[in-house]
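Here is a short tour for a reader meeting this chain for the first time. Keep the sequence and the model side by side as you read.

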Amino acid sequence: MAMEVTQVLLNAQSIDGAVRKNAEECLKQFQEQNLPVFLVSLPGELANEEKPVETRKLAGLGPSPEKLIPLVNVALTFMLSALTKDPISHVKDATAWTLGRIFEFLHGSVVDSPIISQANCQQIVTVLLQSMKDTPNDIVQSLLAVTHREDAVESRLRTAAYETLNEVVRCSTVETAPLVLQLVPVIMMELHNTLEGQKLSSDEREKQSELQGLLLCRSDQIMGLFLRVFACRSATVHEEAMLAIGALAYATGADFAKYMPEFYRYLEMDLQNFEEYQLQIRVFFFFLRFLSPITSVLFGRSFPIGERNIMAMEVTQVLLNAQSIDGAVRKNAEESLKQFQEQNLPVFLVSLSGELANEEKPVETRKLAGLVLKNALDAKEKHRKFELVQRWLSLDSNAKSQIKACLLKTLTSPVSDARSTASQVIAKVAGIELPHKQWPELIGSLLSNIHQLPAHAKQATLETLGYLCEEVSPDVVDQDQVNKILTAVVQGMSSSEGNIDVRLAATTALYNALGFAQANFSNDMERDYIMRVVCEATLSPEVRIRQAAFECLVSISSTYYEKLAPYIQDIFNITAKAVKEDEEPVALQAIEFWSSICDEEIDIVEEYGGDFTGDFDIPCFYFIKQALPALVPMLLETLLKQEEDQDQDEGAWNIAMAGGTCLGLVARTVGDDIVPLVVPFIEENISKPDWRQREGATYAFGSILEGPSPEKLIPLVNVALTFMLSALTKDPSSHVKDTTAWTLGRIFEFLHGSVVDSPIISQANCQQIVTVLLQSMKDTPNVAEKACGALYFLAQGYEEMGPSSPLTPFFQEIVQSLLTVTHREDAVESRLRTAAYETLNEVVRCSTDETAPLVLQLVPVIMMELHNTLEGQKLSSDEREKQSELQGLLCGCLQVIIQKLGSSETTKYVFMQYADQIMGLFLRVFACRSATVHEEAMLAIGALAYATGADFAKYMPEFYRYLEMGLQNFEEYQVCAVTVGVVGDISRALEEKIVPYCDGIMTQLLKNLSSNQLHRSVKPPIFSCFGDIALAVGEYFEKYLMWAMSALQSAAELSTHIAGDDELVEYTNSLRNGILEAYSGIFQGFKNSPKTQLLIPYAPHILQFLDGIYMEKDMDDVVMKTAIGVLGDLADTLGSHAGSMIQQSVSSKDFLNECLSSEDLMIKESAEWAKLAIGRAISV
């Protein structure tokens, strides 16, 4: 009852199904619990002019007819009496309005119990006509009389009279048709009179234009009047006339062709009318809808226009319908918008921008108009984004100017949602146009507005500048404009700015603009000024500004790390104060600053390697090491700020977790130095009665296990291990047990296995560890999940133990316990079931030959589990999702088992008895429509192909269609990538038996390479797959050689001219490696073949490619190994034909020598083989 009715009614129209359903439940509950208050609330909402149109309209829908009709039957006679007799005009006004609502919602075919009978119908009509201040004997005459009243322009009276007349005519029966016909000359004369030459004032002309529009509703005379109307310059009249002409065209059909010669120029004029965009929409849809009957006369063909279009419909209404709670209405509106966009994009975009800029439109439609406009300019998929950019660039310049003008105008709107949406759309347009040297005046226009506009417009302008900086590359904006942007933004952040929203927008804008400030941060004075303003903003009274300011500091710490030294002490003081005293969102960002510094220093150490103390060329300032004595206590203090009911799921985040994460990064940054600072905290708190102290101490210990040397940590672990195993089973706090299990997992991950000289697990304590972990798997889901994780790393540590493992005696018990966990009713919580299967996979993978019979026994168990998920059963969408997840886990489990058993000839032979059944299950899995399941099943099939070898050929006829489907799955590109890998597995397994399927596979792979819809990450594996296929089929690859080599050559040229960020460099190396693996497979496939000479023409380009990637000096070790291998393959396959070319190569000799001296043994080994092959080729 105390809820905000407006908000609930808005939620009831949300596009979010869950929000909508919840709101509908609230309304139902409110109605059932207190009907009187419910009934009072809805009319109150309906009558409130300050409420949104959508909620007022929905409020009017109100309760069910069954609830209301008994009330109406009692009230109707009273209200009819009040309408004529009540002395108060306000009462009569409200009564007439209420009667209108009664007839709107409780009268007609949708209501089972009619409220209007033959008996009271005459009384109702008489009273309504009397209320029009006239008493003629028919409705039409009464309405016409109202239109001539001297005061008819007041209170929309004349408009209401004509609208009512239209509705009376529209709903009339055949019986009244002669009377409707008599009305035509009357209305024509009215319209004719308005067109007679007379001198009118602007006000009178406006009223006359309105009347002409109302009247436009014998064919030739009517059309003649309409054509005279177009001499008026009123958009309203044109709009109504155009609608009426549409109706006339629809009525006259092909006969309308005789009016086209004279009418066409008006049609063309209004189609070009971008300013009055709503008129243009009507003209456009008039042309589509109403001229379609006569296209056979005009053009000799028909336009296939569907019944549903936006024709005379307001864009506003379509946008409202697109947010309707009625699914059918919503779908129809979405279709209408789509059709409008496809049929006339310029008008569509102009309409949306006009809707967004129109202050008289509802907030909801303005916001949605902006969102649709933004989506018409941008997309996540690169190919789609490219299409949208090209489409915008090709738009008519007048349309683009109109749109941009509307967007800029919206920045001054008093409605915040409209301003914010416009800011985003302006940035999207700028992101397209600025790189093409278009809209050069934008930034200047925005900057000039900042000092002149009201606060809300200034806020929107700063927000726009921020979005713009996020959208465009720094090299697109010249430095002079960058300086002006930064000046405006920093001034907006200043403490002298009195408006909180402006200061917040400026702070957020700076965050986005920091990438543009390279030159400014190189200037001491400018950098000092920016840093001072940012630091001042961290002390703002407004929490959102403080948070945004710290976010700026975090970004500065990574972007301008090398410039931080003069400010680091002040920043520490600011962050320490925030962590200790400020609200959590601010404190989290303060901690994040130090986490970011850690990341930077870790990257520097990894890039330059080892200890480089004293080397002043290395850009590491050791901020963490210097701050350590004060930083570590600050972080340890955060570990004691846990919440009693804190979420223990993986995605949970709070100040204690942030502090622990930062502490872990500090440990990785400074290594052993952190240990003596943390140990006292652990010793002080580990046994305290308050669970927070015990959990904080355990979390601190777990956080520092990566970074310090094993020598420093193992003595502590040996002391702590027994205590922790006890705490895991006996501590009364679930939080403590959760963190203890996580810490044990960290111990086993970093301090257990072949990399550690002093083992922490002995034969004596191994059984205790396993027992405790298996017992903890019966605990709450979050504890059990962490216990599974600890067991995972425990098993992993024994991977290279040789023929025997300390876990062997417990193998069966471990497997059984994990399977039991997967069947727990709460296994879906805290990722427990996923963790259990992942741990089972790792236990199997790291098992020894001694446990092979037990692994074999596991096969039918997992097969039965998978079979059970495939049995026909009706499931809800939520249940189906969980079932798909389970199928994926089971397929993953079978993959690991197949790989394990297939790695030994003895176990492989026994395993093969299950191969047919397993393949049958996998094929059934492909009937599911889940990408996750398909991916896991495809990987498992790859493992099965490897295990069965050439025998896999018997499955290919049935499996091939799924293979082809996977290769065509661009949308779920991970499935496509995995399928490409499986093609390689199958090629290696089948060798020449893959030939019958090669045409289809190679055709699809080449299509995939040429597609701009496929995610780029799939393309490197496709090239590798070429090599696998060539190696499998040998000289049969000749039929694909020209196409494959052409694709490889194009990709090779592209990969030697790519520069960019780390992500792009990583992708480039991946692409190069795929190309090189293809070359290697092709050369090895053709080796010793009489068709080897087919490869000779391609050798110069391959050597040029190798020269190019060597000269660029940015290839990683994997590419280097593959590249030197290709050089050897070239020499080995082509022999003397390659010898002279290699000798003439620009860098082959240097490249070979560099690889020969590499510290990487695999690179060195490949180089030694290549040297021998090259030597043979040269000496021949």
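## Overall picture

Accessible areas here come from the Shrake-Rupley method with a 1.4 Å probe. By that method, the chain exposes about 56000 Å². Carbon and sulfur atoms supply 52% of this area. The model is a predicted one.

What makes up the fold, helices or strands? The chain has 58 helices and 0 strands. There are 1180 residues in the chain, and buried residues make up 52% of them.

## Salt bridges

How many salt bridges does the structure hold? The count is 38. Three pairs and one network serve as examples.

Begin with R532 and E536. Their side chains meet in a salt bridge, with N to O at 3.0 Å. Both residues belong to helix α29, which spans residues 524-537. Because they are 4 residues apart in that helix, about one helical turn separates them. R532 is partly exposed, at 43% relative accessibility. E536 is partly exposed too, with a relative accessible area of 29%.

Now take R988 and D1028. Their side chains also meet in a salt bridge, again 3.0 Å from N to O. This pair links distant parts of the chain, 40 residues apart. R988 sits in helix α49 (residues 973-990), and D1028 sits in helix α51 (residues 1019-1033). At 42% relative accessibility, R988 is partly exposed.

The third pair is K1039 and D999. The closest N and O atoms of this salt bridge are 3.0 Å apart. Distant parts of the chain are linked here as well: K1039 is in helix α52 (residues 1038-1055), D999 is in helix α50 (residues 995-1010), and their positions lie 40 residues apart in sequence. K1039 has 42% relative accessibility and counts as partly exposed. D999, with a relative accessible area of 36%, is partly exposed.

Beyond pairs, there is a network. D738, E785, K786, R831 and E838 are linked in it by salt bridges.

## A negative patch

Which residues gather in a patch of negative charge on the surface? They are E592, D599, D603 and E607.

Look at E607 in particular. Its place is in helix α32, residues 584-608. E607 has 63% relative accessibility, so it counts as exposed, the cut-off being over 50%.

## Cysteines

How many disulfides does a search of the whole structure find? The search finds 0. C662 is one cysteine in no disulfide. The nearest cysteine sulfur to it is that of C598, 5.0 Å away. A disulfide would need the two sulfur atoms within 2.5 Å, which is why this pair does not count.

C662 is buried, with a relative accessible area of 0%. C620 is buried as well, with a relative accessible area of 10%. Both values fall under the 20% cut-off, so both residues count as buried.

## Contacts across the sequence

Two pairs show how residues separated in sequence are placed in space. T771 and I814 are 43 residues apart in sequence, and their C-alpha atoms are 9.2 Å apart. T771 is found in helix α39, residues 763-776. At 41% relative accessibility, T771 is partly exposed.

D417 and V363 form the other pair. They are 54 residues apart along the chain, and 7.3 Å separates their C-alpha atoms. D417 is found in helix α23, which covers residues 416-433. Its relative accessibility is 31%, so D417 counts as partly exposed.

## Two positive phi angles

W439 is not a glycine, yet it has a positive phi of about 55°. W439 lies in the loop between α23 and α24 (442-450). Is W439 buried or exposed? At 6% relative accessibility, W439 counts as buried.

N1088 has a positive phi of about 65°, although it is not a glycine. The place of N1088 is in the loop between α53 (1062-1086) and α54 (1099-1112). N1088 is exposed, with a relative accessible area of 74%. So one loop residue, W439, is buried, whereas the other, N1088, is exposed.

Technical notes. Residues numbered from 1 in each chain as written. Predicted model: local features only at pLDDT ≥ 70, side-chain atom pairs only at ≥ 80, totals over all residues. Heavy atoms only, no water. Patch = residues over 30% accessible without salt bridge, like charges linked within 9 Å, V, L, I, M, F, W, Y side chains within 5 Å. Salt bridge = Lys/Arg side-chain N within 4 Å of Asp/Glu carboxyl O. Lys, Arg positive; Asp, Glu negative; His and termini not counted. Charge placed at Lys NZ, Arg CZ, Asp CG, Glu CD. Buried < 20%, exposed > 50% of the residue type's maximum accessible area, 1.4 Å probe, protein only.
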